[in-house]
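Subject: Handover of a structure

Dear colleague,

I am writing to hand over a structure for your study. Please look through the sequence and the model below before reading the notes that come after them.

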Amino acid sequence: MPTVEFSGKSFSVDEDGFIDDYKNWSEEWVQYVKAQEGIDELNDEHKKVIEVLREYYEKNGIAPMVRVLSKVTGFKLKHIYELFPSGPGKGACKMAGLPKPTGCV
Amino acid sequence: MAFISSGYNPEKPMENRITDIGPRKYDEFYPPVIAKNKGQWLYHEILQPGVLVHVAKSGDEVYTVRCGGARLMTTSLINEICDLADKHCGGYVRWTTRNNIEFMVDNKSKVQPLIDDLSGRKFDGGSFKFPIGGTGAGVSNIVHTQGWIHCHTPATDASGPVKAVMDEVFADFQSHRMPAPVRVSLACCLNMCGAVHCSDIAILGYHRKPPMLDHEYLDKMCEIPLAIASCPTAAIKPAKVEINGQKLNSVAVNNDRCMYCGNCYTMCPSMPLADKEGDGIVIMAGGKVSNRISAPKFSKVVVAFIPNEAPRWPTASKVIKNMIDVYASDARKYERLGDWAERIGWERFFEKCEIDFTHHLIDDFRDPAYYTWRQTTQFKF
(Lines give C-alpha, C1' and ligand atoms only; values in the text may rest on other atoms or scores of the structure.)
Protein backbone atom coordinates (compact mmCIF):
# COMPACT_ATOMS: atom_id res chain seq x y z
CA MET A 1 0.00 0.00 0.00
CA PRO A 2 1.32 3.47 -0.82
CA THR A 3 1.80 5.94 1.99
CA VAL A 4 1.11 9.65 1.93
CA GLU A 5 2.80 12.24 4.13
CA PHE A 6 0.73 15.16 5.35
CA SER A 7 1.46 17.67 8.12
CA GLY A 8 4.17 15.43 9.51
CA LYS A 9 1.88 12.38 9.65
CA SER A 10 1.93 9.42 7.31
CA PHE A 11 -1.09 7.42 6.21
CA SER A 12 -1.38 4.16 4.27
CA VAL A 13 -3.95 4.51 1.52
CA ASP A 14 -5.31 2.37 -1.30
CA GLU A 15 -5.36 3.35 -4.97
CA ASP A 16 -8.56 5.34 -4.48
CA GLY A 17 -7.17 7.29 -1.55
CA PHE A 18 -9.15 5.57 1.21
CA ILE A 19 -7.35 5.08 4.51
CA ASP A 20 -6.18 1.52 5.31
CA ASP A 21 -7.66 1.39 8.83
CA TYR A 22 -10.47 3.28 10.51
CA LYS A 23 -8.30 3.47 13.64
CA ASN A 24 -5.52 5.40 11.89
CA TRP A 25 -7.84 8.35 11.30
CA SER A 26 -6.86 11.74 12.71
CA GLU A 27 -7.49 15.46 12.23
CA GLU A 28 -4.59 15.58 9.76
CA TRP A 29 -6.33 12.97 7.63
CA VAL A 30 -9.35 15.27 7.29
CA GLN A 31 -7.07 18.10 6.17
CA TYR A 32 -5.36 15.78 3.67
CA VAL A 33 -8.65 14.58 2.13
CA LYS A 34 -9.96 18.16 2.05
CA ALA A 35 -7.21 19.02 -0.41
CA GLN A 36 -7.99 15.93 -2.52
CA GLU A 37 -11.74 16.48 -2.66
CA GLY A 38 -11.88 20.10 -3.75
CA ILE A 39 -13.22 21.51 -0.50
CA ASP A 40 -11.99 25.01 0.31
CA GLU A 41 -12.88 25.47 3.93
CA LEU A 42 -14.25 23.01 6.48
CA ASN A 43 -17.24 24.38 8.32
CA ASP A 44 -19.33 23.01 11.16
CA GLU A 45 -21.61 21.20 8.72
CA HIS A 46 -18.73 19.22 7.27
CA LYS A 47 -17.66 18.33 10.79
CA LYS A 48 -21.18 17.29 11.73
CA VAL A 49 -21.41 14.89 8.78
CA ILE A 50 -18.04 13.38 9.64
CA GLU A 51 -18.95 13.07 13.28
CA VAL A 52 -22.25 11.35 12.47
CA LEU A 53 -20.53 8.95 10.08
CA ARG A 54 -17.86 8.00 12.62
CA GLU A 55 -20.34 7.61 15.44
CA TYR A 56 -22.63 5.44 13.32
CA TYR A 57 -19.74 3.30 12.10
CA GLU A 58 -18.38 2.78 15.59
CA LYS A 59 -21.79 1.75 16.87
CA ASN A 60 -23.04 -0.35 13.93
CA GLY A 61 -19.98 -1.48 11.99
CA ILE A 62 -21.39 -0.12 8.73
CA ALA A 63 -21.73 3.25 7.07
CA PRO A 64 -25.26 4.65 7.34
CA MET A 65 -27.61 4.55 4.38
CA VAL A 66 -27.96 7.90 2.63
CA ARG A 67 -31.47 8.39 4.01
CA VAL A 68 -30.23 7.75 7.54
CA LEU A 69 -27.38 10.21 7.09
CA SER A 70 -29.84 12.81 5.80
CA LYS A 71 -32.28 12.27 8.62
CA VAL A 72 -29.71 12.32 11.43
CA THR A 73 -27.78 15.34 10.16
CA GLY A 74 -30.86 17.13 8.84
CA PHE A 75 -29.04 17.81 5.54
CA LYS A 76 -30.81 16.96 2.29
CA LEU A 77 -28.80 14.90 -0.23
CA LYS A 78 -28.40 18.03 -2.36
CA HIS A 79 -26.82 19.85 0.57
CA ILE A 80 -24.50 16.91 1.30
CA TYR A 81 -23.30 17.15 -2.30
CA GLU A 82 -22.73 20.89 -1.81
CA LEU A 83 -20.59 20.08 1.22
CA PHE A 84 -18.83 17.10 -0.39
CA PRO A 85 -18.80 17.45 -4.21
CA SER A 86 -17.84 13.78 -4.67
CA GLY A 87 -20.87 12.73 -2.66
CA PRO A 88 -21.46 10.99 0.66
CA GLY A 89 -19.50 7.84 -0.32
CA LYS A 90 -16.40 9.00 -2.11
CA GLY A 91 -16.24 12.32 -0.29
CA ALA A 92 -17.64 12.15 3.24
CA CYS A 93 -16.87 8.49 4.05
CA LYS A 94 -13.33 8.89 2.78
CA MET A 95 -12.84 11.95 4.94
CA ALA A 96 -14.36 10.20 7.95
CA GLY A 97 -11.89 7.32 7.53
CA LEU A 98 -14.55 4.69 6.81
CA PRO A 99 -13.77 1.73 4.54
CA LYS A 100 -14.30 2.14 0.82
CA PRO A 101 -17.91 1.55 -0.31
CA THR A 102 -18.33 -1.86 -1.97
CA GLY A 103 -20.85 -3.61 -4.17
CA CYS A 104 -21.85 -2.64 -7.71
CA VAL A 105 -21.00 1.04 -7.32
CA MET B 1 2.52 11.58 -23.25
CA ALA B 2 2.85 14.65 -21.23
CA PHE B 3 -0.23 15.99 -19.48
CA ILE B 4 -2.58 18.00 -21.68
CA SER B 5 -5.32 19.92 -19.88
CA SER B 6 -8.89 19.91 -21.17
CA GLY B 7 -9.46 23.24 -19.50
CA TYR B 8 -10.60 21.69 -16.21
CA ASN B 9 -9.11 23.48 -13.23
CA PRO B 10 -8.32 21.07 -10.37
CA GLU B 11 -7.89 24.05 -8.04
CA LYS B 12 -11.54 25.00 -8.58
CA PRO B 13 -13.31 21.74 -9.44
CA MET B 14 -16.82 23.20 -9.27
CA GLU B 15 -16.07 26.16 -11.56
CA ASN B 16 -17.70 26.00 -15.03
CA ARG B 17 -18.99 22.54 -14.17
CA ILE B 18 -21.82 21.30 -16.40
CA THR B 19 -24.05 18.59 -14.92
CA ASP B 20 -27.40 16.88 -15.35
CA ILE B 21 -27.65 17.49 -19.07
CA GLY B 22 -28.51 13.86 -19.84
CA PRO B 23 -27.91 12.08 -23.13
CA ARG B 24 -28.31 13.80 -26.49
CA LYS B 25 -31.88 13.55 -27.71
CA TYR B 26 -32.38 10.53 -29.93
CA ASP B 27 -34.03 12.39 -32.79
CA GLU B 28 -30.92 14.49 -33.41
CA PHE B 29 -29.44 11.41 -35.04
CA TYR B 30 -32.38 10.19 -37.11
CA PRO B 31 -31.65 9.56 -40.77
CA PRO B 32 -33.94 11.87 -42.79
CA VAL B 33 -36.18 9.02 -43.97
CA ILE B 34 -36.70 7.86 -40.37
CA ALA B 35 -37.43 11.39 -39.13
CA LYS B 36 -39.92 11.95 -41.92
CA ASN B 37 -41.86 8.69 -41.45
CA LYS B 38 -41.70 8.32 -37.68
CA GLY B 39 -44.86 6.67 -36.42
CA GLN B 40 -46.08 6.11 -39.99
CA TRP B 41 -44.68 2.68 -40.79
CA LEU B 42 -47.02 0.24 -42.53
CA TYR B 43 -45.20 -3.07 -42.64
CA HIS B 44 -41.77 -4.61 -42.87
CA GLU B 45 -40.16 -7.60 -44.53
CA ILE B 46 -36.97 -9.55 -44.05
CA LEU B 47 -35.49 -9.67 -47.57
CA GLN B 48 -32.66 -12.02 -46.67
CA PRO B 49 -30.78 -12.84 -43.46
CA GLY B 50 -29.55 -9.52 -42.09
CA VAL B 51 -31.48 -7.29 -44.48
CA LEU B 52 -34.87 -5.71 -43.66
CA VAL B 53 -37.13 -3.27 -45.43
CA HIS B 54 -39.68 -1.04 -43.73
CA VAL B 55 -42.36 0.61 -45.86
CA ALA B 56 -44.13 3.77 -44.70
CA LYS B 57 -47.62 5.08 -45.52
CA SER B 58 -46.01 7.69 -47.75
CA GLY B 59 -44.47 4.90 -49.80
CA ASP B 60 -40.99 5.63 -48.49
CA GLU B 61 -38.80 2.63 -47.92
CA VAL B 62 -35.87 2.16 -45.59
CA TYR B 63 -33.52 -0.76 -46.00
CA THR B 64 -31.61 -1.96 -42.94
CA VAL B 65 -28.49 -4.06 -43.08
CA ARG B 66 -27.68 -5.60 -39.71
CA CYS B 67 -24.20 -6.90 -38.97
CA GLY B 68 -22.57 -8.52 -36.02
CA GLY B 69 -20.34 -6.59 -33.65
CA ALA B 70 -17.97 -7.88 -30.99
CA ARG B 71 -19.44 -5.32 -28.53
CA LEU B 72 -15.96 -4.72 -27.14
CA MET B 73 -14.43 -2.59 -29.86
CA THR B 74 -11.67 -0.09 -30.47
CA THR B 75 -12.11 3.50 -31.56
CA SER B 76 -10.44 2.59 -34.84
CA LEU B 77 -13.19 0.06 -35.55
CA ILE B 78 -15.83 2.64 -34.62
CA ASN B 79 -14.10 5.08 -36.97
CA GLU B 80 -14.33 2.47 -39.70
CA ILE B 81 -18.05 2.05 -38.94
CA CYS B 82 -18.42 5.83 -39.23
CA ASP B 83 -16.55 5.81 -42.54
CA LEU B 84 -18.96 3.16 -43.82
CA ALA B 85 -21.92 5.20 -42.61
CA ASP B 86 -20.52 8.30 -44.31
CA LYS B 87 -19.98 6.43 -47.53
CA HIS B 88 -23.32 4.65 -47.80
CA CYS B 89 -25.84 6.05 -45.32
CA GLY B 90 -25.33 9.81 -45.15
CA GLY B 91 -23.40 9.46 -41.90
CA TYR B 92 -26.14 7.68 -39.95
CA VAL B 93 -25.77 4.36 -38.12
CA ARG B 94 -27.35 2.70 -35.10
CA TRP B 95 -26.69 -0.07 -32.62
CA THR B 96 -29.30 -2.68 -31.60
CA THR B 97 -30.17 -3.91 -28.13
CA ARG B 98 -28.04 -7.00 -28.81
CA ASN B 99 -25.10 -4.83 -29.84
CA ASN B 100 -25.39 -5.49 -33.55
CA ILE B 101 -24.74 -2.61 -35.91
CA GLU B 102 -27.44 -1.44 -38.33
CA PHE B 103 -26.77 0.56 -41.47
CA MET B 104 -29.83 2.10 -43.09
CA VAL B 105 -30.30 3.30 -46.67
CA ASP B 106 -33.39 4.78 -48.33
CA ASN B 107 -33.10 3.21 -51.75
CA LYS B 108 -32.90 -0.35 -52.97
CA SER B 109 -30.06 0.46 -55.34
CA LYS B 110 -27.86 1.40 -52.39
CA VAL B 111 -28.31 -1.94 -50.63
CA GLN B 112 -26.13 -4.23 -52.73
CA PRO B 113 -23.05 -1.95 -52.72
CA LEU B 114 -23.38 -1.66 -48.93
CA ILE B 115 -23.64 -5.45 -48.52
CA ASP B 116 -20.66 -6.00 -50.81
CA ASP B 117 -18.59 -3.44 -48.92
CA LEU B 118 -19.50 -4.85 -45.48
CA SER B 119 -18.98 -8.51 -46.29
CA GLY B 120 -15.65 -7.82 -47.98
CA ARG B 121 -14.03 -6.40 -44.85
CA LYS B 122 -11.92 -8.71 -42.69
CA PHE B 123 -9.44 -8.42 -39.85
CA ASP B 124 -5.84 -9.48 -40.48
CA GLY B 125 -6.57 -12.74 -38.63
CA GLY B 126 -9.31 -13.54 -41.15
CA SER B 127 -12.46 -12.84 -39.09
CA PHE B 128 -15.27 -10.90 -40.71
CA LYS B 129 -15.42 -7.34 -39.46
CA PHE B 130 -19.09 -6.88 -40.31
CA PRO B 131 -20.81 -10.25 -40.87
CA ILE B 132 -24.36 -9.64 -42.08
CA GLY B 133 -27.15 -11.47 -40.28
CA GLY B 134 -28.87 -11.65 -36.94
CA THR B 135 -32.45 -11.34 -38.18
CA GLY B 136 -35.46 -13.64 -38.05
CA ALA B 137 -35.35 -17.18 -36.73
CA GLY B 138 -31.62 -17.51 -36.34
CA VAL B 139 -29.02 -16.97 -33.66
CA SER B 140 -28.32 -13.27 -33.18
CA ASN B 141 -25.53 -11.67 -31.18
CA ILE B 142 -24.71 -12.91 -27.66
CA VAL B 143 -25.50 -10.45 -24.88
CA HIS B 144 -22.50 -10.64 -22.58
CA THR B 145 -20.53 -9.00 -19.78
CA GLN B 146 -17.03 -7.93 -18.72
CA GLY B 147 -15.29 -11.16 -17.78
CA TRP B 148 -11.55 -11.10 -17.25
CA ILE B 149 -11.30 -7.90 -19.29
CA HIS B 150 -12.50 -5.61 -16.54
CA CYS B 151 -14.55 -7.13 -13.67
CA HIS B 152 -13.25 -8.36 -10.29
CA THR B 153 -15.89 -11.00 -9.49
CA PRO B 154 -16.04 -13.16 -12.65
CA ALA B 155 -15.88 -16.95 -12.62
CA THR B 156 -15.26 -17.12 -16.34
CA ASP B 157 -14.39 -14.87 -19.23
CA ALA B 158 -16.97 -13.15 -21.42
CA SER B 159 -15.43 -12.10 -24.73
CA GLY B 160 -13.52 -15.39 -25.10
CA PRO B 161 -16.43 -17.83 -24.74
CA VAL B 162 -18.67 -15.54 -26.80
CA LYS B 163 -16.22 -15.59 -29.70
CA ALA B 164 -15.87 -19.39 -29.39
CA VAL B 165 -19.64 -19.97 -29.35
CA MET B 166 -20.40 -17.50 -32.16
CA ASP B 167 -17.73 -19.18 -34.30
CA GLU B 168 -19.48 -22.50 -33.64
CA VAL B 169 -22.96 -21.22 -34.54
CA PHE B 170 -21.89 -18.67 -37.16
CA ALA B 171 -23.94 -20.34 -39.93
CA ASP B 172 -27.09 -19.74 -37.87
CA PHE B 173 -26.27 -16.04 -37.52
CA GLN B 174 -26.47 -15.83 -41.29
CA SER B 175 -29.50 -18.07 -41.85
CA HIS B 176 -33.09 -18.61 -40.74
CA ARG B 177 -33.24 -22.36 -40.24
CA MET B 178 -34.45 -22.21 -36.60
CA PRO B 179 -38.10 -22.72 -35.59
CA ALA B 180 -37.91 -19.37 -33.73
CA PRO B 181 -35.15 -16.96 -32.73
CA VAL B 182 -32.55 -18.42 -30.36
CA ARG B 183 -31.20 -15.89 -27.88
CA VAL B 184 -27.86 -16.79 -26.34
CA SER B 185 -26.46 -14.76 -23.43
CA LEU B 186 -23.47 -14.94 -21.15
CA ALA B 187 -22.79 -13.58 -17.68
CA CYS B 188 -19.42 -14.16 -16.06
CA CYS B 189 -20.80 -14.55 -12.51
CA LEU B 190 -24.24 -15.08 -11.07
CA ASN B 191 -24.89 -11.41 -10.61
CA MET B 192 -26.26 -12.18 -14.07
CA CYS B 193 -25.64 -8.77 -15.59
CA GLY B 194 -27.48 -8.91 -18.89
CA ALA B 195 -30.03 -11.46 -19.97
CA VAL B 196 -28.90 -14.94 -18.88
CA HIS B 197 -31.92 -15.51 -16.65
CA CYS B 198 -34.32 -15.00 -19.58
CA SER B 199 -32.51 -16.40 -22.63
CA ASP B 200 -33.07 -19.50 -24.74
CA ILE B 201 -29.52 -20.57 -23.96
CA ALA B 202 -27.42 -18.99 -21.23
CA ILE B 203 -23.80 -19.37 -20.22
CA LEU B 204 -23.08 -18.48 -16.62
CA GLY B 205 -19.79 -18.26 -14.70
CA TYR B 206 -19.86 -20.37 -11.54
CA HIS B 207 -17.58 -20.98 -8.53
CA ARG B 208 -17.23 -24.27 -6.66
CA LYS B 209 -15.20 -23.29 -3.63
CA PRO B 210 -16.02 -21.17 -0.56
CA PRO B 211 -14.31 -17.80 -0.07
CA MET B 212 -10.87 -17.50 1.47
CA LEU B 213 -10.77 -15.25 4.51
CA ASP B 214 -8.18 -12.53 4.81
CA HIS B 215 -8.63 -12.17 8.58
CA GLU B 216 -5.81 -9.71 8.98
CA TYR B 217 -7.49 -7.07 6.80
CA LEU B 218 -11.15 -8.06 6.97
CA ASP B 219 -12.29 -5.65 9.67
CA LYS B 220 -10.31 -2.81 8.14
CA MET B 221 -11.51 -3.31 4.56
CA CYS B 222 -15.09 -4.43 5.15
CA GLU B 223 -18.25 -3.45 6.89
CA ILE B 224 -18.75 -6.83 8.54
CA PRO B 225 -22.57 -6.62 8.95
CA LEU B 226 -22.86 -6.07 5.19
CA ALA B 227 -20.86 -9.21 4.45
CA ILE B 228 -23.08 -11.19 6.81
CA ALA B 229 -26.28 -9.80 5.30
CA SER B 230 -25.06 -10.44 1.75
CA CYS B 231 -25.25 -14.22 2.19
CA PRO B 232 -28.44 -15.82 0.79
CA THR B 233 -27.95 -18.98 2.88
CA ALA B 234 -26.76 -17.32 6.08
CA ALA B 235 -23.41 -19.14 5.97
CA ILE B 236 -21.51 -16.17 7.39
CA LYS B 237 -21.39 -15.12 11.02
CA PRO B 238 -19.25 -12.63 12.92
CA ALA B 239 -16.22 -14.09 14.70
CA LYS B 240 -13.20 -13.08 16.74
CA VAL B 241 -9.90 -14.48 15.52
CA GLU B 242 -6.37 -14.33 16.80
CA ILE B 243 -3.69 -13.42 14.25
CA ASN B 244 -0.08 -12.99 15.40
CA GLY B 245 -1.25 -12.63 18.99
CA GLN B 246 -3.74 -9.93 18.06
CA LYS B 247 -7.47 -10.31 18.67
CA LEU B 248 -9.29 -9.20 15.55
CA ASN B 249 -12.91 -8.93 14.46
CA SER B 250 -13.64 -11.05 11.45
CA VAL B 251 -16.20 -13.50 10.07
CA ALA B 252 -16.53 -17.28 9.96
CA VAL B 253 -17.96 -19.12 6.95
CA ASN B 254 -19.90 -22.33 7.42
CA ASN B 255 -18.65 -24.19 4.34
CA ASP B 256 -21.54 -26.67 4.51
CA ARG B 257 -23.99 -23.84 3.92
CA CYS B 258 -21.92 -21.96 1.34
CA MET B 259 -22.98 -22.34 -2.29
CA TYR B 260 -20.18 -20.12 -3.65
CA CYS B 261 -22.35 -17.31 -4.99
CA GLY B 262 -19.61 -14.77 -4.27
CA ASN B 263 -22.00 -12.10 -2.96
CA CYS B 264 -19.86 -11.67 0.15
CA TYR B 265 -16.82 -10.90 -2.00
CA THR B 266 -18.83 -8.23 -3.79
CA MET B 267 -19.43 -6.57 -0.44
CA CYS B 268 -16.11 -7.43 1.23
CA PRO B 269 -12.77 -7.41 -0.64
CA SER B 270 -11.20 -9.69 2.00
CA MET B 271 -13.27 -12.72 0.96
CA PRO B 272 -11.96 -13.65 -2.52
CA LEU B 273 -13.11 -16.95 -4.01
CA ALA B 274 -11.99 -17.13 -7.64
CA ASP B 275 -10.18 -20.39 -8.32
CA LYS B 276 -8.60 -21.69 -11.49
CA GLU B 277 -9.77 -25.30 -11.24
CA GLY B 278 -12.91 -24.64 -9.22
CA ASP B 279 -14.41 -22.04 -11.52
CA GLY B 280 -16.28 -22.86 -14.68
CA ILE B 281 -19.59 -22.39 -16.37
CA VAL B 282 -23.19 -23.49 -15.99
CA ILE B 283 -25.48 -23.81 -19.01
CA MET B 284 -29.09 -22.73 -18.68
CA ALA B 285 -31.87 -23.05 -21.24
CA GLY B 286 -35.49 -22.25 -21.98
CA GLY B 287 -35.96 -18.59 -21.01
CA LYS B 288 -37.64 -15.85 -23.00
CA VAL B 289 -38.87 -12.29 -22.48
CA SER B 290 -41.53 -11.91 -25.15
CA ASN B 291 -45.21 -12.51 -24.48
CA ARG B 292 -45.69 -14.22 -27.82
CA ILE B 293 -48.07 -17.25 -27.32
CA SER B 294 -46.58 -18.21 -23.93
CA ALA B 295 -45.70 -15.91 -21.06
CA PRO B 296 -42.07 -14.92 -20.41
CA LYS B 297 -40.00 -17.66 -18.80
CA PHE B 298 -36.86 -17.92 -16.71
CA SER B 299 -34.11 -20.11 -18.10
CA LYS B 300 -33.39 -23.32 -16.19
CA VAL B 301 -30.07 -24.91 -15.32
CA VAL B 302 -29.41 -27.88 -17.62
CA VAL B 303 -25.67 -28.43 -17.25
CA ALA B 304 -24.33 -28.04 -13.72
CA PHE B 305 -20.68 -27.54 -14.57
CA ILE B 306 -18.26 -27.31 -17.47
CA PRO B 307 -14.67 -26.33 -16.68
CA ASN B 308 -13.11 -23.17 -18.05
CA GLU B 309 -11.11 -24.20 -21.10
CA ALA B 310 -9.52 -21.00 -22.34
CA PRO B 311 -9.11 -19.87 -25.02
CA ARG B 312 -11.80 -21.76 -26.98
CA TRP B 313 -14.09 -23.41 -24.37
CA PRO B 314 -14.54 -26.49 -26.63
CA THR B 315 -16.80 -28.51 -24.30
CA ALA B 316 -19.19 -25.65 -23.69
CA SER B 317 -19.45 -24.64 -27.34
CA LYS B 318 -20.06 -28.27 -28.33
CA VAL B 319 -22.88 -28.66 -25.79
CA ILE B 320 -24.50 -25.44 -27.01
CA LYS B 321 -24.12 -26.29 -30.69
CA ASN B 322 -25.66 -29.70 -30.06
CA MET B 323 -28.56 -28.21 -28.10
CA ILE B 324 -29.28 -25.75 -30.93
CA ASP B 325 -29.12 -28.49 -33.57
CA VAL B 326 -31.48 -30.80 -31.68
CA TYR B 327 -33.91 -27.95 -31.06
CA ALA B 328 -33.79 -26.91 -34.72
CA SER B 329 -34.62 -30.39 -35.93
CA ASP B 330 -37.24 -31.26 -33.30
CA ALA B 331 -39.23 -28.12 -32.42
CA ARG B 332 -42.28 -26.88 -34.29
CA LYS B 333 -42.42 -23.61 -36.14
CA TYR B 334 -42.60 -20.54 -33.85
CA GLU B 335 -41.72 -22.66 -30.82
CA ARG B 336 -39.02 -21.07 -28.65
CA LEU B 337 -36.57 -23.45 -26.99
CA GLY B 338 -38.40 -23.19 -23.65
CA ASP B 339 -41.78 -23.81 -25.31
CA TRP B 340 -40.36 -26.88 -27.01
CA ALA B 341 -38.82 -28.29 -23.81
CA GLU B 342 -42.04 -27.75 -21.88
CA ARG B 343 -44.16 -29.39 -24.60
CA ILE B 344 -42.04 -32.53 -24.92
CA GLY B 345 -41.23 -32.57 -21.19
CA TRP B 346 -37.86 -31.82 -19.64
CA GLU B 347 -37.09 -35.56 -19.33
CA ARG B 348 -37.30 -35.77 -23.13
CA PHE B 349 -35.24 -32.60 -23.48
CA PHE B 350 -32.37 -34.19 -21.54
CA GLU B 351 -32.72 -37.42 -23.50
CA LYS B 352 -32.76 -35.74 -26.91
CA CYS B 353 -29.93 -33.33 -26.13
CA GLU B 354 -27.93 -36.17 -24.53
CA ILE B 355 -27.28 -34.13 -21.42
CA ASP B 356 -26.72 -35.93 -18.12
CA PHE B 357 -29.25 -35.08 -15.44
CA THR B 358 -27.46 -34.68 -12.11
CA HIS B 359 -28.73 -33.93 -8.62
CA HIS B 360 -27.34 -30.39 -8.94
CA LEU B 361 -30.22 -29.52 -11.23
CA ILE B 362 -32.88 -30.21 -8.60
CA ASP B 363 -33.89 -26.95 -6.92
CA ASP B 364 -33.20 -26.82 -3.18
CA PHE B 365 -33.40 -23.08 -2.49
CA ARG B 366 -36.02 -22.29 0.14
CA ASP B 367 -39.76 -22.98 -0.05
CA PRO B 368 -40.22 -22.28 -3.79
CA ALA B 369 -37.98 -25.27 -4.59
CA TYR B 370 -40.94 -27.50 -3.81
CA TYR B 371 -42.92 -26.13 -6.76
CA THR B 372 -40.18 -27.25 -9.18
CA TRP B 373 -40.55 -30.90 -8.18
CA ARG B 374 -43.08 -33.14 -9.93
CA GLN B 375 -46.31 -33.55 -8.05
CA THR B 376 -47.99 -35.70 -10.67
CA THR B 377 -47.74 -39.18 -12.09
CA GLN B 378 -47.52 -37.70 -15.59
CA PHE B 379 -44.11 -38.42 -17.00
CA LYS B 380 -42.50 -40.40 -19.79
CA PHE B 381 -40.22 -43.37 -19.22
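The notes below describe the contact between the chains, then a sheet, and then two residues. Please keep in mind that this is a predicted model.

The interface

How many residues does each chain bring to the contact? Chain A supplies 14 residues and chain B supplies 15 residues. Between them, the two chains bury about 1100 Å², and 56% of this area is on carbon and sulfur atoms. On the side of chain A, the greatest losses of area to chain B fall on I62(A), P99(A) and T102(A), which together account for 35% of what that side buries.

The residues of chain A that touch chain B divide into 6 nonpolar, 5 polar and 3 charged. Across the interface of chain A and chain B, the rule finds 0 salt bridges. It does find 3 residue pairs in polar contact across the interface, with both residues at pLDDT 80 or more.

The sheet in chain B

Chain B contains an open sheet of 5 strands with antiparallel pairing, in the order β1-β2-β3-β5-β4. Why do β1 and β4 of chain B each have one side without a neighbour in the sheet? Both β1 (41–48) and β4 (94–95) stand at the edges and have a single partner strand each, so one side of each is left free of a neighbour in the sheet.

β4(B) is joined by 2 bridges to strand β5 (residues 101–105) of chain B, and the two run antiparallel. Within this pairing, R94(B) stands opposite E102(B) in β5(B).

Two residues of chain B

D219(B) is found in helix α6, which covers residues 215–221 of chain B. Its relative accessibility is 25%, so D219(B) counts as partly exposed. Leaving aside residues up to four places away in sequence, D219(B) touches K23(A) and Y57(A) in chain A, as well as I224(B) and N249(B) in chain B. The C-alpha atoms of D219(B) and H144(B) are separated by 34 Å, and these residues are 75 residues apart along the chain.

Y30(B) is placed in the segment before α1 (32–37) of chain B. With residues up to four places away in sequence again left out, Y30(B) touches A35(B), K38(B) and Y92(B). Between the C-alpha atoms of Y30(B) and A239(B) the separation is 59 Å, and these residues are 209 residues apart along the chain.

Yours sincerely

Methods
Residues are numbered from 1 along each chain as its sequence is written. Chains are lettered from A and ligands numbered from 1 in the order in which they are written. This is a predicted model: local features need pLDDT of at least 70, side-chain atom pairs count only at pLDDT 80 or more; totals for chains, interfaces and linings use all residues. Side-chain values use heavy atoms; hydrogens and water are left out. Contact means heavy atoms within 4.5 Å. Buried area is the accessible area (1.4 Å probe) that two parts lose on being put together, summed over both. A salt bridge is a side-chain nitrogen of Lys or Arg within 4 Å of a carboxyl oxygen of Asp or Glu. A polar contact is a pair of N or O atoms within 3.5 Å; within protein, one must be able to donate a hydrogen and the other to accept it, and residues adjacent in sequence count only if both atoms are side-chain atoms. Ala, Val, Leu, Ile, Met, Phe, Trp, Tyr, Cys and Pro count as nonpolar, Asp, Glu, Lys and Arg as charged, and the others, Gly among them, as polar. Helices (H or I, at least four residues) and strands (E, at least two) are DSSP runs, numbered from the N terminus. Buried means under 20% relative accessible area, exposed over 50%, partly exposed in between (1.4 Å probe, protein chains only). Two strands pair if DSSP finds at least two bridges between them.
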